[in-house]
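Hi there,

Here is the model I promised to pass on to you. Have a look at it first, and then read on for my notes.

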Amino acid sequence: QVRLEESGGGLVQPGGSLSLSCAASGKFFGINAVDWYRQVPGKERELVATLTSDNIVQYVDSVKGRFSVSKDNAKNTVFLEMDRLKPEDTATYYCNVEVIGSPPRFRLAKYWGQGTLVSVSS
């Protein structure tokens with residue numbers, strides 16, 4: 001079983017920065033891809049950033065140029081760097097990580113982090 005532990009959320013003023021982390025632990029071969037979502041109460045979960053297995057990054061228009069997704073394969077950790085934060089970025093952020101299972105099958109499977117709250121307010 002794979003476990004994801006998110007960290008890094010908190011309260012920040014508009015224009016500030018936060019860095020979210022999502023660390024994977026358990027028995028697996030490696031991280032293949034990652035999506036970061038966010039959700040506001042009463043609204044659907046929104047996909048904000050993707051890092052594919054080919055290291056292609058994609059962002060929703062509202063965060064382009066401000067957010068950056070990356071991963072550290074050695075630490076089995078994925079990151080979401082958030083700069084120039086706006087009040088409308090306030091949400092609970094979730095990582096959704098696709099891991100490569102152990103040999104010999106190397107099966108792909110996706111797991112969710114527990115979520116971390118980001119609040120942007122003065």
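**N96 and its surroundings**

N96 counts as buried, since its relative accessibility is 6%. Please keep in mind as you read that this is a predicted model. The residue belongs to strand β9, which covers residues 91-100. Which backbone atom lies 3.3 Å from a polar atom of the N96 side chain? That atom is the backbone oxygen of Y111. Y111 also turns up in the list of residues in contact with N96, once neighbours within four places in sequence are left aside. The full list is A33, V34, D35, Y37, K110, Y111 and W112.

**From N96 to D35**

One of the residues on that list, D35, deserves a paragraph of its own. D35 sits in strand β4, residues 30-39. Is D35 buried or exposed? With a relative accessible area of 12%, D35 is buried, because the limit for that label is under 20%. The side chain of D35 makes a polar contact of 2.7 Å with the side chain of T50. If residues up to four places away in sequence are not counted, D35 touches L47, A49, T50, Y94, C95, N96 and K110. So T50 appears there as well as in the polar contact, and C95 leads us to the next topic.

**The disulfide**

How many disulfides does the structure hold? There is 1, and it joins C22 to C95 with an S to S distance of 2.0 Å. C22 lies in strand β3 while C95 lies in strand β9, so the pair ties together parts that are 73 residues apart in sequence. The torsion about the S-S bond is about 60°, which makes this disulfide right-handed. Both ends are buried: C22 has a relative accessible area of 1%, and C95 comes out at 0%.

**The sheet that holds β3**

Strand β3 also takes part in an open sheet of 4 strands, in the order β1-β3-β8-β7, with antiparallel pairing. The edge strands are β1 (2-7) and β7 (67-72), each of which pairs on one side only. On average, neighbouring strands of this sheet are turned by 15° against each other, with direction ignored.

Two of the pairings are worth opening up in your viewer. β1 and β3 (residues 18-26) pair in the antiparallel sense over 6 bridges, and within this pairing S25 of β3 is the bridge partner of R3. β7 and β8 (residues 77-82) likewise pair in the antiparallel sense over 6 bridges, with L80 of β8 as the bridge partner of V69. The hairpin of β7 and β8 has 4 residues between the strands, and N76 in that hairpin takes a positive phi near 50°. When you look at side chains along these strands, remember that in a regular strand the side chains alternate between the two faces of the sheet.

**Y59, with V69 in reach**

V69 comes back when we turn to Y59, a residue of strand β6 (residues 57-59). Which backbone nitrogen does the side chain of Y59 reach at 3.0 Å? It is the backbone nitrogen of V69. The contacts of Y59, not counting residues up to four places away in sequence, are V48, A49, K64, F67, S68 and V69. A49 is also touched by D35. As for Y59 and D35 themselves, the two are 24 residues apart along the chain, and their C-alpha atoms are separated by 9.8 Å.

**The chain as a whole**

Stepping back, the secondary structure of the protein chain comes to 0 helices and 11 strands. Its radius of gyration is 14 Å, close to the 14 Å that the globule rule gives for 122 residues, so the chain is as compact as a globular protein of that length. Along the principal axes, the C-alpha trace spans about 50 × 25 × 25 Å. Buried residues make up 41% of the 122 residues. Among contacts between residues at least 6 apart in sequence, 56% join residues at least 24 apart. The disulfide of C22 and C95 is one link between parts of the chain that lie 73 residues apart in sequence.

Happy viewing, and all the best!

Terms used: Residues numbered from 1 in each chain as written. Predicted model: local features only at pLDDT ≥ 70, side-chain atom pairs only at ≥ 80, totals over all residues. Heavy atoms only, no water. Pairing = 2+ DSSP bridges. Helix = DSSP H or I, 4+ residues; strand = E, 2+ residues; numbered from the N terminus. Axes fitted to C-alpha atoms, helices over the stretch in contact; angles between N-to-C directions. Contact = heavy atoms within 4.5 Å. Polar contact = N/O pair within 3.5 Å; in protein donor to acceptor, adjacent residues only side chain to side chain. Buried < 20%, exposed > 50% of the residue type's maximum accessible area, 1.4 Å probe, protein only. Disulfide = S-S within 2.5 Å. Rg over C-alpha atoms; globule rule 2.2 N^0.38 Å.
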